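Reader: I'd like a close look at one part of this model, please, rather than a quick tour of everything. Pick a stretch where you can follow a loop into the helices after it, and then tell me how the rest of the chain looks.

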Amino acid sequence: PGGAPLRQFWIAATRAPRATDPWRAPRARGGVRRTPAGEVTPEEQAQLLDYYVRDVAPEFRTERTRISTLQRAIDEMMRQTSPIMRELPADKQRKTHVQLRGSHLALGEEVGPGVPAVFPPLPKDAKPDRLALARWLTSAENPLTARVLANRLWESVFGLGLVRTAEEFGSQGEPPSHPELLDWLAVELVRGGWDQKKFLRMLVTSAAYRQNSRVTPAALEADPENRLLSRGPRFRLAAEMVRDQALAASGLLNPKMHGPSARPFQPAFGLSAAFGSALDWKTSTGDERHRRGLYTEWRRSSPYPSMVTFDAPNREVCTLRRNRSNTPLQALVTLNDPVYVEAAQALARTMMENGATAAERARHGFRCVLFRAPSDAELKPLLALHGQSLAAYAAAPDQAAAAIANVENPPPPSLPPAELAAWITVANVLLNLDETLMKR
């Protein structure tokens, strides 16, 4: 009877490793349940087979261990990262009212989420949330998103967008120079599944891009900014690309992706932030300092000076379109900044290791930087510069030793200091050619 005390009971124990399997099986919820084989449904059989394969089968023990390890790693990663923003339940969402004359104290009618009436509306059966907004933005009925993205990708390749004001497609922006072309590009972008690599491949293989970038007097007069695409694009590389190209041509570029930021060399200013922390940093060691400019640590109060010189924004505000300048300070950076000096040192070593004569070495360095063979007229001044530099460094061993000095990566003892220093001078010139820094 209910509430009566339990007078007799017994306990059974076992060491069998699979004694608890029936309780963990899908049909064991609430206790052990035995069902005759003829009464088990196909769905239940599938569940039991899935349970056996995932949790019991000894032949899959290695896979189960690996899955468990990966799941723990995922759980730990989710614990260490910031939580993902989720939409609040409907009963906890804030109510929004029209603020009469902009005053938060004078509230008008309640309003809900939606899109501006000038644009196509959300689907009738769609819940107005962020997922619906994302689908609406990339919908085939909304061509504006595809136009904006196609214009930005065009600008990255040609230097100037079909709509010059890439940050403003509204009434305050400029109209497109080729509206039909922009529409066609937008349709191709959507038709290709928003595949940006495929879209960029189409641009760089087009006849418009593969034109000669040489500027003739007639083209300069008729089309000074190349808005009519009368010639191929010709513009200076972005700040990050200038540095990355020097490292890549010299063989120093570290292609590692992801991970913490890198700290390449920068001068020590001895300055401190508003709350006392020093703005100077300790340069990364090894090839970490040679990672792509994308991974350079950036501080808005003290941006990386080498890239600022090449018009990199300070990131205090969102910048969609960078200005391009041409100043003597930029040449001073690429000639004297330790990053570019180290790149010239590495390129000079490569040149000496890939040629028996001065002409062969100069040709190799030229190919590494410009990806083409030099003409006789281009090769002659490089060989003359090498000869003059070699004579000067042979007469000043201390200057040669200073030119080849590299604490992190010292030169091989087999390379003569004066000869290596002379080729460093040639490599420095190659890395500073107009054709090296200008896309054309």
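Author: Before we start, a word on what counts as a helix here: a DSSP run of H or I at least four residues long, while a strand is a run of E with at least two, and both are numbered from the N terminus. Keep in mind, too, that this is a predicted model.

With that settled, let's start at D311, which sits in the loop between α10 and α11. What is the sign of phi at D311? Phi of D311 is positive, near 70°, and the residue isn't a glycine. Most residues other than glycine have a negative phi. Hold on to that one, as a second case turns up further down.

Follow the chain out of that loop and you get to helix α11, which covers residues 328–336. Helix α12 takes in residues 338–353. How do the two pack? Their axes are 5 Å apart and make an angle of about 50°. Angles that are neither roughly parallel, roughly antiparallel nor roughly perpendicular count as oblique, and 65 is where the perpendicular range begins, so α11 is oblique to α12. On the α11 side, V333, T334, L335 and N336 make the contact, and α12 answers with P338, Y340 and V341. As for chemistry, the residues of this contact split into 5 nonpolar and 2 polar, with no charged ones.

Now zoom in on one residue from each helix. L332 belongs to α11. Is L332 buried or exposed? Neither, quite: L332 has a relative accessible area of 49%, and the cut-off for exposed is over 50%, so L332 counts as partly exposed. If you want a feel for distance, take Q93: it is 239 residues from L332 along the chain, and their C-alpha atoms are separated by 57 Å.

M351 in helix α12 has another story to tell. Its relative accessible area is 0%, which makes M351 buried. What covers M351? Setting aside neighbours within four places in sequence, M351 is in contact with R361, A362, H364, G365, W423, V426, A427 and L430. W423 from that list is 72 residues away along the chain, yet the C-alpha atoms of M351 and W423 are separated by 7.7 Å.

There's another helix pair to set beside α11 and α12. Helix α14 spans residues 376–395 and helix α15 residues 397–404, and their axes come within 5 Å and cross at roughly 115°. That makes α14 and α15 roughly perpendicular to each other. The contact runs through Y393, A394 and A395 of α14, met by P397, Q399, A400 and A403 of α15. Those residues divide into 6 nonpolar, 1 polar and no charged.

Back to loops. N226, in the loop between α8 and β3, is the second case I promised: phi is about 60°, positive, and N226 is not a glycine either. With 15% relative accessibility, N226 counts as buried. Another loop residue, Q266, lies between α9 and α10, and at a relative accessible area of 7% Q266 is buried as well. Beyond four places in sequence, Q266 touches L279, W281, P303, Y304 and P305. P128, in the loop between β2 and α4, is partly exposed, with 37% relative accessibility. Leaving out residues up to four places away, P128 touches E87, P113 and L122, and its C-alpha is 40 Å from that of R292, which lies 164 residues off along the chain.

Finally, step back to the whole chain. It has 17 helices and 4 strands. Its radius of gyration is 33 Å, where a compact globule of 440 residues would have one near 22 Å. The C-alpha atoms fill a box of roughly 110 × 65 × 55 Å along the principal axes. Of the 440 residues, 30% count as buried. The chain exposes about 29500 Å², and carbon and sulfur atoms supply 58% of that area. And among the contacts with a separation of 6 or more, 55% join residues 24 or more positions apart.

Conventions. Residues are numbered from 1 along each chain as its sequence is written. This is a predicted model: local features need pLDDT of at least 70, side-chain atom pairs count only at pLDDT 80 or more; totals for chains, interfaces and linings use all residues. Side-chain values use heavy atoms; hydrogens and water are left out. Axes are lines fitted to C-alpha atoms, for helices over the stretch in contact, and angles run from 0 to 180 degrees between N-to-C directions. Angles under 35 degrees count as roughly parallel, over 145 as roughly antiparallel, 65 to 115 as roughly perpendicular and the rest as oblique. Contact means heavy atoms within 4.5 Å. Ala, Val, Leu, Ile, Met, Phe, Trp, Tyr, Cys and Pro count as nonpolar, Asp, Glu, Lys and Arg as charged, and the others, Gly among them, as polar. The radius of gyration is taken over C-alpha atoms; the globule rule is 2.2 Å times the number of residues to the power 0.38. Buried means under 20% relative accessible area, exposed over 50%, partly exposed in between (1.4 Å probe, protein chains only). Accessible areas come from the Shrake-Rupley method with a 1.4 Å probe; for residues, only the protein chains shown count as cover.
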